[in-house]
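Work through the exercises below with the sequence and the model open. Try each task before reading its solution.

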Amino acid sequence: MKKSMAPLLLGGALPWLAVAALAQQEAPALDAAPERAKSLGVVTVSGGQPSSLPTQIPTTIEGVTREEIATRINATDSEDALKYLPSLLVRKRYIGDYNHAILSTRASGTGNSARSAVYADGILLSNYLGNGIANGTNYAPRWGLVTPEEIERVDVMYGPFSAAYPGNSAGAVVDYVTRMPTRLEAHVSAGYSSQPNELYRTDRSFNSWQTSASLGSKSGDWSWWINLHRTDSQGQPQTFTTVPVAAGQPGAAGKPVSGAVAGLNTTNTPWYILGSGTQYHTVQDHAKLKLAYDINATLRASYTLGWWQNRSEGRPASFLSGPDGQPVYSGPVNIAGRAYTLAPTAFPLSNDDQTHTMHGVSLKSHTQGRFDWELAASLYDYGRDRQRAPTTALPQATAGGPGTLQSQDGTGWNTLAAKGTWRPDGMQGAHIVDFGLGRDAYKLGITKLNVLGSWIDGAANLQAPVSDVGGRSETRYLWAQDAWRFAPRWKAVLGLRWEDWVAHDGFTSTASSRQGYARRSESHFSPKAALAYQWSSDTVLKASLGRALRFPTVGELYGATSGGALSFINDPHLKPEKSWTGELSAEKDLGNGLARATLFHEVTRDALYSQPIPGSANPIVSRVQNVDKIRTLGLELAYSGQPAWLRGLDLGGSLTFADSEIVANAANPASVGKRQPRVPRWRATAYATYQPDERWAFTVAARYSGRQYSTLDNSDVNAFVYMGASKYFTVDLRVRLQLTRQWSAAFGIDNANNYQYWNFHPYPQRTYQASLRWDL
């Protein structure tokens with residue numbers, strides 16, 4: 001769609017939005033991607049394809065289109081589409097990161113995956129079985145069920161201001177719309193990436209290959225789309241084996257070893273780094289089938305099948321070598337006159353084997369008359385999800401030996417929803433009412449078993465589980481919101497959401513004990529309100545206020561693990577997290593650009609965080625608890641446009657300030673007055689794309705984040721080290737060339753300035769990328 005700078009259009013980084021007059025034109029066809037039109041600060045969504053978006057969006061919304069992704073972004077995974085949007089960060093550690101790529105928003109850090117909502121074609125991809133990384137598993141969104149080649153557009157809604165979404169939307173809602181052809185289409189692409197990496201004693205390149213093929217068409221009333229994708233990726237080491245210097249006993253005991261790297265940990269305590277771990281080699285296969293049938297001119301049935309398979313190996317490397325020059329992995333060792341004993345699992349190995357499937361069905365009307373409706377259902381199934389790990393030491397572990405098998409087979413979630421839109425006075429009437437009801441259900445099961453025979457392929461010993469945890473939760477909801485144009489220059493959106501939550505069948509068990517938990521339930525209302533005023537022909541002012549209830553996840557309630565240096569204790573009595581969020585925005589059409597300033601404020605009570613129990617040591621025992629109160633106040637600036645002084649130049653950028661403070665926390669008084677973990681004070685993005693003609697596109701982009709902390713008490717003062725959360729400034733480059741009508745090529749460099757930065761794990765260093773694409 002041609003970019004427009006028309007008066008009523010808002011949202012600095014949404015150059016594809018149509019002017020308000022578009023709403024008066026003929027409704028898009030059923031096979032068109034959802035269109036966006038803006039009037040008096042409220043976005044109207046229309047289109048026949050499935051989407052999580054309601055027809056009226058009262059909140060700040062940003063986004064990016066397929067064309068902008070291809071031109072501007074070195075996108076190897078679907079989450080890369082969010083790279084340069086305001087106030088967002090995805091903790092992606094390597095190409096194909098399937099277990100830690102958590103989204104951070106204005107007032108939520110990368111440990112809070114349950115405070116944002118990710119959808120694709122109306123199907124929930126956010127994993128609300130847990131929050132962040134805990135109890136031996138992860139709860140990042142299932143980004144792998146969407147590939148970059150599929151994306152038609154991505155929209156991001158900031159804050160919990162729409163009644164259509166659960167309290168998990170407190171941070172943001174990310175909505176992917178994937179392609180559905182209107183004619184015969186075929187696409188083939190291949191890409192290669194290489195990351196030379198130097199860190200501690202690691203000095204090698206980690207390379208990745210990606211291939212993709214898509215085919216789709218429309219014939220009569222039928223439309224279909226098939227996408228196949230493979231990623232074969234080597235990531236840099238993610239973890240490191242360490243020992244505090246003071247833990248060693250002075251003397252000559254133990255095998256003398258060399259190679260340990262001396263340094264300071266996050267609290268500036270001297271330690272030795274003994275080797276690297278979790279260097280993943282992941283091979284992922286993805287398949288997507290989309291079918292749509294137009295029952296008549298205004299009614300469409302759609303079905304989506306997604307299949308994702310992962311085979312991953314996590315491997316360590318010891319920096320230590322003995323007098324004979326051979327690597328040392330375990331047992332008594334002596335470093336610089338101090339004796340240490342390394343456990344058999346000091347340098348852990350792991351093999352992951354996962355096959356997940358996703359189903360989505362919908363029946364959607366698109367009359368654009370007085371009433372439209374939609375019925376939708378989805379299922380996400382961990383058909384096979386297993387991790388194997390040895391309990392014997394290297395080098396013997398490479399050939400086999402005893403070990404464990406952790407299984408999440410059968411875990412997953414399903415959703416049911418019915419939605420309607422009532423326009424009592426037609427499309428241009430004073431009221432447009434969206435409403436709906438539905439149910440979301442989650443089932444978690446994590447069983448850890450000893451293996452009979454070799455850890456690599458041996459059968460599990462079902463008679464004596466090491467641990468077994470699980471449970472279920474469901475949320476039933478009703479919601480409604482009314483977009484009311486009550487005066488020529490004024491529009492309000494008033495909404496209310498009711499949720500009835502229940503958790504049941506929870507248990508934690510070991511080989512010697514089993515603990516069951518009582519059923520519990522709660523019901524709450526969440527009001528929403530937004531008010532917009534057309535201050536002048538090119539400026540709109542808007543105020544929004546919303547309450548969000550984030551219920552505890554099954555993992556937080558029932559998931560308990562123990563062993564090694566860390567233990568996690570569940571709490572079946574957790575309170576829901578309760579947030580009030582408000583924002584004031586001014587959005588201005590500059591003629592050749594769009595600018596926005598947003599002041600935001602959030603108060604969260606009973607925030608759900610995992611934090612250490614004071615005084616615990618060897619192991620450090622953490623439990624998820626309610627933090628009494630967190631307060632965030634911030635300002636976000638955004639701009640995008642095409643300056644008149646150079647034709648073919650696109651500019652965009654954002655600057656965010658967030659003062660996020662823990663105001664009260666009886667469970668950990670030392671954290672009061674400290675900054676919320678993983679929420680930096682300053683963030684910024686910027687990009688410039690120059691297209692001198694229709695063949696060439698040159699992009700330079702940058703991202704910045706200020707200092708962060710990982711602990712509630714901000715005791716991790718040394719940020720540029722393993723387990724630290726550092727500031728960063730990275731510059732990305734991309735050149736795209738349209739070789740012929742069908743062939744295109746691109747070359748890019750991510751982190752061209754080779755900035756070494758951390759978010760517990762190390763982020764990638766300078767990475768070179770090249771790709772070739774053919775389009776029918």
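**Exercise 1. Pairing around strand 42**

How many bridges join strand 42 to strand 45, and in which direction do the two strands run?

Solution. This is a predicted model. Start with strand 45, residues 767-775. Eight bridges join strand 42 to strand 45, and the two run antiparallel. For one opposed pair, take I749, which faces Y768 in strand 45.

Now turn to strand 41. Strand 41 covers residues 728-738 and strand 42 covers residues 743-750. Six bridges hold this antiparallel pair. L737 is opposite A745 of strand 42. Four residues lie between strand 41 and strand 42, which form a hairpin.

**Exercise 2. An open sheet**

Give the strand order of the open four-stranded sheet, then explain its edges.

Solution. The order reads 17-23-22-18, and the pairing is mixed. Strand 17 (249-250) and strand 18 (255-256) are the edge strands. Each has a single partner strand, so one side of each lacks a neighbour in the sheet.

Next, inspect strands 22 and 23. Residues 331-335 make strand 22, and residues 338-342 make strand 23. The two are antiparallel, with five bridges. G331 has L342 of strand 23 as its bridge partner.

**Exercise 3. Rings and charges**

Find the aromatic pairs, then classify the one formed by Y757 and Y763.

Solution. Searching the whole structure gives 31 aromatic pairs. In the pair of Y757 and Y763, the centres are 4.4 Å apart and the planes differ by 20°. Planes under 30 degrees apart count as stacked, so this pair is stacked. Both Y757 and Y763 are buried.

Look for a cluster next. Ring pairs connect Y200, F240, W271, Y722, W758 and F760.

Finish with charges over rings. R497 lies over the face of Y477, 4.3 Å from the ring centre. R707 places its charged end over the ring of Y709, 4.1 Å from the centre.

**Exercise 4. G63**

Is G63 buried or exposed?

Solution. Locate G63 in strand 4, residues 61-65. Its relative accessibility is 4%. The cut-off for buried is under 20%, so G63 counts as buried. Then compare positions: G63 and N197 are 134 residues apart along the chain, and their C-alpha atoms are 32 Å apart.

**Exercise 5. Confidence**

Where does pLDDT stay under 50?

Solution. Begin with the average, a pLDDT of 91. Of the residues, 91% score at least 70. The stretch under 50 is residues 1-28. For these residues the model has 90 contacts beyond four places in sequence.

Key:
Residues are numbered from 1 along each chain as its sequence is written. This is a predicted model: local features need pLDDT of at least 70, side-chain atom pairs count only at pLDDT 80 or more; totals for chains, interfaces and linings use all residues. Side-chain values use heavy atoms; hydrogens and water are left out. Rings of Phe, Tyr and Trp (its six-membered ring) pair if their centres lie within 6.5 Å; planes under 30 degrees apart count as stacked, over 60 as edge-to-face and the rest as tilted. Buried means under 20% relative accessible area, exposed over 50%, partly exposed in between (1.4 Å probe, protein chains only). A charge sits over a ring if NZ of Lys or CZ of Arg is within 6 Å of the ring centre and within 35 degrees of the ring normal. pLDDT is the predictor's confidence in each residue, from 0 to 100. Contact means heavy atoms within 4.5 Å. Two strands pair if DSSP finds at least two bridges between them.
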